[in-house]
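Work through the exercises below with the sequence and the coordinates open. Each task is followed by a solution in steps.

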Amino acid sequence: MTPARSGEWRPLPRRFYQRPVVELAAALIGQVLVRRRGRLLLAGRIVETEAYGGEGLDPSAHSFRGSTPRCAVMFGPAGHAYVYTTHQGRCCLNVTAEGDRRGKAVLIRALEPLSGLETMRALRLAALDEGPTRARLLAGRADHELAAGPGRLCLGLAIDRELNGVDLTGARSPLWIAGPGRSGGGSRPSIRWTPRVGLNPASASCAWSWRALDVASAAVSPPRGARAGGSKLPRPRACPRPQHRTAKNIP
DNA sequence: CTCACGATCAGCT
DNA sequence: GCTGATCGTGAGG
C-alpha cells in the first residue's frame, strides 16, 4: 500500500517452504503475496490455502501419476510458483513445498487485497465480456471479492503461465511471498480446517481436511457459486467423515 | 488424433 | 443453490 509498508515486503527464505505440505498450507495464512508489475506492486494477504500431496499419495494432486510437462515444476525445489491453466483461460497459483521432489504444493485460493486494488479491479473487468452488465459489475465489486478465488486472484494480480516456475525467494522475482510486516499486528491468524473444494465426495481424499482458511476474513472463496456479500463463512462441501490432519494423513 | 475431464466463475432462480 | 460456458491437459488408440 504505502511505500513504507511495501519496503517491509521482503521475500520469505527458502526454508520457509521446506516443511510438510499441510504445515506449509497453515503457515501461509496471513503472509502477503506480492506481484511486481513494472513499478506497481499488487499485493494481498493470504487467507485461504489447500495442501496437495505427492506422487502416488494424493489422487487429487496433479503430481499423483508422476511428472508431466504441465506439473513438472511440482517436482522441483521448494519455494517456486506452479501456475497451471484451467478452463476458460483461468490460472491457479500453487507454491511448491518440501523440496523433496515428490510433487507437493499448496494452492493459494484467496487473498484479502492490500495494494493495487484499482488495478486488480481493472484486470478483473478486462477479463469479462463487454455488455450491459459491465457497469453493474463495476459498481458492485466489493474490495474483498477482488481476489476471492484461485482464478480470480490470478486475474487480479496478472499471474499467468509466464510465471510458472519462478523462484518466489528471488530478490528480483516478479512474484514473491512476504511476511505480514507491521500491518500484521503480531497476532497469528485463527485457522479453520475443512475438506478441499471441488473433490469427488466419494473420494477417500475428501476426508482429509487440507483446506486452511482464516476464520476472520471475509475474502475466503465460497465452495461454489454462493452469492458474495453474505457474511456467512463458506460451508464445506458434503464429505464423508471430515477429519483433521493426522500422522497417517500426511504424505 | 480423439476423447473425457475438471484444484472455476458468473449469472440467474 | 444450481447451471452452462469452454478449453488445456493427458491418456489411449
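Buried means under 20% relative accessible area, exposed means over 50%, and partly exposed lies in between (1.4 Å probe, protein chains only). This is a predicted model, in which local features need pLDDT of at least 70 and side-chain atom pairs count only at pLDDT 80 or more, while totals for chains, interfaces and linings use all residues. Residues are numbered from 1 along each chain as its sequence is written, chains are lettered from A and ligands numbered from 1 in the order in which they are written, and side-chain values use heavy atoms, with hydrogens and water left out.

**Exercise 1. Overall layout**

Task: give the secondary structure content of chain A and the order of its elements.

Solution.
- Step 1. Helices (H or I, at least four residues) and strands (E, at least two) are taken as DSSP runs, numbered from the N terminus.
- Step 2. Chain A then has 6 helices and 8 strands.
- Step 3. Read from the N terminus, the order is α-α-α-β-β-β-β-β-α-α-α-β-β-β.
- Step 4. Of the 251 residues in chain A, 47% are buried.
- Step 5. With contact defined as heavy atoms within 4.5 Å, take the contacts in chain A between residues at least 6 apart in sequence: 66% of them join residues at least 24 apart.

**Exercise 2. The nonpolar cores**

Task: find which residues touch the most other members of the largest nonpolar core, and which helix gives the most to this core.

Solution.
- Step 1. A nonpolar core is a set of buried Ala, Val, Leu, Ile, Met, Phe, Trp, Tyr and Cys residues joined through side-chain atoms within 4.5 Å.
- Step 2. The largest such core has 43 residues, and Leu-33 and Ile-159 touch the most other members.
- Step 3. Helix 3 (residues 21-28) gives the most to this core, namely 7 residues.
- Step 4. A separate second core has 11 residues, among them Cys-71, Tyr-82, Tyr-84 and Leu-107.
- Step 5. Setting aside neighbours within four places in sequence, the contacts of Ile-159 are Leu-33, Arg-35, Val-83, Cys-91, Leu-93, Leu-153, Cys-154 and Leu-175.
- Step 6. In helix 3, the buried residues are Val-21, Val-22, Leu-24, Ala-25, Ala-26, Ala-27 and Leu-28.
- Step 7. Since 7 of its 8 residues are buried, helix 3 is largely enclosed by the rest of the structure.
- Step 8. Just after helix 3, Gly-30 has a positive phi of about 95°.

**Exercise 3. The surroundings of His-62**

Task: locate His-62 and list what it touches.

Solution.
- Step 1. His-62 sits in the loop between strand 2 (40-52) and strand 3 (81-85).
- Step 2. Its relative accessibility is 29%, so His-62 counts as partly exposed.
- Step 3. Not counting residues up to four places away in sequence, His-62 touches Arg-70, Cys-71, Met-74, Tyr-82 and Tyr-84.
- Step 4. A polar contact is a pair of N or O atoms within 3.5 Å; within protein, one must be able to donate a hydrogen and the other to accept it, and residues adjacent in sequence count only if both atoms are side-chain atoms.
- Step 5. The side chains of His-62 and Tyr-82 make such a contact, at 2.8 Å.

**Exercise 4. Salt bridges**

Task: describe the salt bridges of Arg-19 and Glu-48.

Solution.
- Step 1. A salt bridge is a side-chain nitrogen of Lys or Arg within 4 Å of a carboxyl oxygen of Asp or Glu.
- Step 2. The structure holds 10 of these.
- Step 3. Arg-19 pairs with Glu-23, with the closest N and O atoms 3.8 Å apart.
- Step 4. Arg-19 is partly exposed, because its relative accessible area is 23%; Glu-23, at 35%, is also partly exposed.
- Step 5. Glu-48 pairs with Arg-109, with the closest N and O atoms 2.8 Å apart.
- Step 6. This pair links distant parts of the chain, Glu-48 being in strand 2 and Arg-109 in strand 5 (residues 105-115), 61 residues apart.
- Step 7. Both Glu-48 and Arg-109 are buried.

**Exercise 5. The two sides of helix 4**

Task: which residues of helix 4 are buried, and which are exposed on the other side?

Solution.
- Step 1. The buried residues are Leu-117, Met-120, Arg-121, Arg-124 and Leu-125.
- Step 2. They lie on the same side of helix 4, because they cover an arc of only 130° around the axis, the arc being that of the directions from the helix axis to the C-beta atoms.
- Step 3. Glu-118 and Ala-126 are exposed on the other side of helix 4.
- Step 4. Glu-118 forms a salt bridge with Arg-121, the closest N and O atoms being 3.6 Å apart.
- Step 5. Both residues, Glu-118 and Arg-121, belong to helix 4 (residues 117-126) and are 3 residues apart, about one turn of the helix.
- Step 6. Glu-118 has a relative accessible area of 56% and is therefore exposed, whereas Arg-121, at 12%, is buried.
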